[in-house]
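Colleague: I would like a close look at a single part of this protein, followed by an account of how other parts are put together. Please take the time to connect the pieces as you go.

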Amino acid sequence: MDVAHLPTKCFSSPVPSSSLPVLSRVPISLCRSRRTASFRPVRLCFASGSDTLVAGSRKEDGRVSEAARKKLDESGDLKSWMHENGLPPCKVVLKERPSHHEQHKAIHYIAASEDLQAGDVAFSVPDSLVVTLERVLGNETIAELLTTNKLSELACLALYLMYEKKQGKKSFWYPYIRELDRQRGRGQLAVESPLLWSESELAYLTGSPTKAEVLERAQGIKREYNELDTVWFMAGSLFQQYPYDIPTEAFPFGIFKQAFVAVQSCVVHLQKVSLARRFALVPLGPPLLAYRSNCKAMLTAVDGFVQLVVDRPYKAGEPIVVWCGPQPNSKLLLNYGFVDEDNSYDRIVIEAALSTEDPQYQEKRMVAQRNGKLTVSVGKEREAVSDMLPYLRLGYVSDPSEMQSVISSQGPICPVSPCMERAVLDQLVDYFERRLAGYPTTLSEDESLLADSNLDPKKRVATQLVRLEKKMLNACLKATVDFINQLPDHTVSPCPAPYAPLLKLATNLFFDLAKPQSFFAVVVLLLNRTM
């Protein structure tokens, strides 16, 4: 949004009364601009440790003394604070497990406080204890306005918590923010998102497209940081309660990035709610709840509460898990810092491109748009490779009459000759071998690394990820070789293909086929390794 245009369109709407003392109840005025704003003295806030949501004292990192720890706990733990502010009796307890890093605090997690059966309500958190844009900004219209422009919900929520953190114990949310600081954006494996890894640590992901995804996401966070002042100008009356300057002057980028990642690791996507409530921070939710790909339990909005109904029996003391949605392991690592070995939604991506120099490029592109599936769900690697072949054959068609036959067909049916089939399969074999060669380690070397109980936690999750990717690629390679072995005549040489399709490593899973580009199909292999 162009802030310079704000003075010409001034909106004002009252903020609904709220039971929370931290929320503004004065009208929100959207006519503040850089040229007219009265700036306060700059008060920069610098990080004192990588475990802070925003800058704080050293007492908030792992080197806290026992006396200081007791002082921090004087106001009670997170669950006690929630009960004092409306949390009904529940069937969970807050427990902890040691961190891998001696200088970091132990990881907290939610466990059953009693034996539970599938269908039991573990807890119901009232809306008054849930942080959403609707609650932060006080007006759903403004929340929608913000999230349809250059800022995401995560950026807005991170900014709000950074300002609240600077309030210290005066903030209503102090116990929750302290818990987020303690968790440091770590999942239940005590590993931060790769967004907070060093350059040398990111090298653990060499060969995996996840490394490029991490760098791309980091650039996106930087762009959002540059737009943070939009929130401050649009909801100026809300932030007048904070004795600090505009966001980009009050918070260095490093602090915002830490806060963004912390929010990303614990935000819950609620279903069947308004836009301004769909992304929620639930104090008993993740990362205190462990994610599991084969779980069906979800946090849901029900009659003024966010509740969790368990999908399986639990013994008292067992950690409670929730479903993380149909996310591949690359997203689980990027968002939550863990890899699920039993993830049936895991996938690898293959991106194919038509040659724009092909005289029949437009006709082939039209066929791909009409018939191309962006996602091919399969249960076996052989079927996945088989589903890819029609799209690759399309790039090898050269005879105009054959192309007309393809256009008139009801599917991506291409004439199959022995030499064409050999060329397509040879291209796939070469592709899978090149992808596997891009990893600096072999599968056996990965197995040896994972057998080391002292392996660095970040290297462990990275090795788990690349190992699973290699298993899928090897399975696809084997299936392709099997197809070659089944060809009736192995003496046939591959057909010459001046306009053969290009196979490349994809960093984006989706793109707009209507745009003038050469990419004609993305085949996503959903390989269920448990089958």
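In which loop, between which two strands, does Pro283 lie?

Modeller: Pro283 lies in the loop that runs between strand 7 (279–281) and strand 8 (290–292), and since this is a predicted model, what follows describes computed geometry. The residue is buried, with a relative accessible area of 1%, where the cut-off for calling a residue buried is under 20%. Once its neighbours within four places in sequence are left aside, the residues in contact with Pro283 are Leu78, Trp81, Met82, Val125, Leu129, Tyr176 and Leu288. One of these, Val125, is 158 residues from Pro283 in sequence, yet the two C-alpha atoms are 8.1 Å apart in space.

That pairing can be set beside the figures for the whole protein, in which, among contacts between residues at least 6 apart in sequence, 76% join residues at least 24 apart. Buried residues make up 54% of the 531 residues, and the secondary structure comes to 19 helices and 15 strands.

Another buried loop residue is Ser208, which has a relative accessible area of 5% and is placed in the loop between helix 7 (199–202) and helix 8 (210–226). Apart from neighbours within four places in sequence, Ser208 is in contact with Tyr439, Leu465, Val466 and Glu469. Leu465, Val466 and Glu469 fall within the span of helix 19 (residues 457–485), which leads to the packing of that helix.

The axes of helix 19 and helix 17 (residues 418–437) come within 9 Å and cross at roughly 155°, an angle over 145 degrees, and the two helices are therefore roughly antiparallel to each other. The crossing is left-handed. On the helix 17 side the contact is made by Arg422, Leu425, Asp426, Leu428, Val429, Phe432, Glu433, Arg435 and Leu436, and these meet Lys470, Leu473, Asn474, Cys476, Leu477, Thr480, Val481, Phe483 and Ile484 of helix 19. By class, this contact has 11 nonpolar, 2 polar and 5 charged residues.

Helix 17 also carries one partner of a disulfide, for Cys419 and Cys495 form such a bond, with their sulfur atoms 1.5 Å apart. A search of the whole structure finds 1 disulfide, and the torsion about its S-S bond is about 60°, so the disulfide is right-handed. Cys419 lies in helix 17 and Cys495 in the loop between helix 19 and strand 14 (502–504), so the pair ties together parts that are 76 residues apart in sequence. Cys324, by contrast, is in no disulfide, and the nearest cysteine sulfur, which belongs to Cys295, is 8.7 Å away. At 7% relative accessibility Cys324 counts as buried, and Cys156 is buried as well, with a relative accessible area of 4%.

To return to helix 8, which follows the loop of Ser208, its axis and that of helix 13 (residues 329–336) come within 10 Å and cross at roughly 40°, which makes helix 8 oblique to helix 13. The crossing of these two helices is right-handed. Thr210, Glu213, Val214 and Arg217 of helix 8 make the contact with Ser330, Lys331, Leu334 and Asn335 of helix 13, and the residues involved divide into 2 nonpolar, 3 polar and 3 charged.

Technical notes. Residues are numbered from 1 along each chain as its sequence is written. This is a predicted model: local features need pLDDT of at least 70, side-chain atom pairs count only at pLDDT 80 or more; totals for chains, interfaces and linings use all residues. Side-chain values use heavy atoms; hydrogens and water are left out. Axes are lines fitted to C-alpha atoms, for helices over the stretch in contact, and angles run from 0 to 180 degrees between N-to-C directions. Helices (H or I, at least four residues) and strands (E, at least two) are DSSP runs, numbered from the N terminus. Angles under 35 degrees count as roughly parallel, over 145 as roughly antiparallel, 65 to 115 as roughly perpendicular and the rest as oblique. A crossing is left-handed if the near helix is turned anticlockwise from the far one by less than a right angle, and right-handed if clockwise. Contact means heavy atoms within 4.5 Å. Ala, Val, Leu, Ile, Met, Phe, Trp, Tyr, Cys and Pro count as nonpolar, Asp, Glu, Lys and Arg as charged, and the others, Gly among them, as polar. Buried means under 20% relative accessible area, exposed over 50%, partly exposed in between (1.4 Å probe, protein chains only). A disulfide is a pair of cysteine sulfur atoms within 2.5 Å.
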